[in-house]
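Here are some notes for a colleague who is new to this entry. Please read them with the sequence and the model open.

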Amino acid sequence: MRKKTIIFDLDGTLMDSLQDLTLSVNYCMAKYGGPQYTDEEIKEKVGRGIYVLIEKSLPGGRSNPDYDACVGEFAPYYQEHMFDHSCAFPGIPEVLEALKNKGCHLAIVSNKFDAAVKEISGRFFGDLIEVAIGEAEKQGIRKKPAPDTVFEAMKQLGSEAEDCVYVGDSEVDLQTAANAHIPCISVTWGYKSEQFLKENGAKTIVSEPAGLLEVLC
């Protein structure tokens, strides 16, 4: 599967950020009367952005009178603490560098809020990632699984769909790739199991970062 443009999901694909997400959710839950969650419980709630994350975490979801305040509390708290424990998965920086050296264009498309995506990308991956796009629905760009952010990445990179592949760890990523009419590579070191990915239509699955080079090069 030789592709010139590789678009990556962020959390669970490039970054192990689960602990900081859990701690940030639990901070908000403590403030607004919700339960405390384990990493494994939060793992099942991530992937569709902070609005859905809080909806799934706060009792009553969006009908809870504190929902809007809780969402508003989460973003600044997480942005302040998102580097406390998060790190790139072992082997990921080396894989990105190898792909870059082969002339590939690399991008990140995530449902995490846009400012955090850009800050994380810059700190951990620097010039390896050319374009980093997060949730920006207020600008009219729908979040995943809508293809809008993928299309925006293609536009900024000057890439055509036939040159692109999407890499992610969840069913949302599979749906996003399908909606953008590009192939998807699913990874198993993130937040979903291989069996779950297969049940959601994954055709190409890799179990370690180096496996990406075997598939893509």
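1. A strand here is a DSSP run of E covering at least two residues, and strands are numbered from the N terminus. On that basis M15 belongs to strand β2, which covers residues 15–16. Note that the model is predicted.

2. Is M15 buried or exposed? Its relative accessibility is 2%, so M15 counts as buried. Apart from neighbours within four places in sequence, M15 is in contact with L10, S86, C87, A88, F89, I120, F124, F125 and Y191. R62 is 47 residues from M15 along the chain, and the C-alpha atoms of the two are 28 Å apart.

3. The structure contains 5 aromatic pairs. In one of them, Y78 and F113, the ring centres are 6.2 Å apart and the planes stand at 80 degrees, so this pair is edge-to-face. It joins distant parts of the chain: Y78 is in helix α4 (residues 67–81) and F113 in strand β4 (residues 105–113), with their positions 35 residues apart. Y78 has a relative accessible area of 0% and is therefore buried. F113 is at 11% relative accessibility, so F113 also counts as buried, the cut-off being under 20%.

4. The rings of F124 and F125 have centres 6.3 Å apart and planes at 50 degrees, so that pair is tilted. What is the relative accessibility of F124, and what is that of F125? F124 is at 27% and so counts as partly exposed, whereas F125 is at 4% and counts as buried. Both residues are among the contacts of M15.

5. Y78 and F113 form one aromatic cluster together with F74.

6. Two charged side chains sit over aromatic rings. The charged end of R123 is placed over the ring of F83, 3.6 Å from the ring centre. The charged end of K192 sits over the ring of F196, at 5.0 Å from its centre.

7. E135 lies in strand β5, which covers residues 131–135. Which side chain of opposite charge is nearest to E135? That side chain is K143, at 6.6 Å; E135 is buried yet has no salt bridge. With neighbours within four places in sequence left aside, E135 is in contact with Y51, S110, N111, K112, F113, D114 and K143. F113, one of these contacts, is also a member of the aromatic cluster with F74 and Y78.

How values were computed:
Residues are numbered from 1 along each chain as its sequence is written. This is a predicted model: local features need pLDDT of at least 70, side-chain atom pairs count only at pLDDT 80 or more; totals for chains, interfaces and linings use all residues. Side-chain values use heavy atoms; hydrogens and water are left out. Helices (H or I, at least four residues) and strands (E, at least two) are DSSP runs, numbered from the N terminus. Buried means under 20% relative accessible area, exposed over 50%, partly exposed in between (1.4 Å probe, protein chains only). Lys and Arg count as positive and Asp and Glu as negative; His and the chain ends are not counted. A salt bridge is a side-chain nitrogen of Lys or Arg within 4 Å of a carboxyl oxygen of Asp or Glu. Contact means heavy atoms within 4.5 Å. Rings of Phe, Tyr and Trp (its six-membered ring) pair if their centres lie within 6.5 Å; planes under 30 degrees apart count as stacked, over 60 as edge-to-face and the rest as tilted. A charge sits over a ring if NZ of Lys or CZ of Arg is within 6 Å of the ring centre and within 35 degrees of the ring normal.
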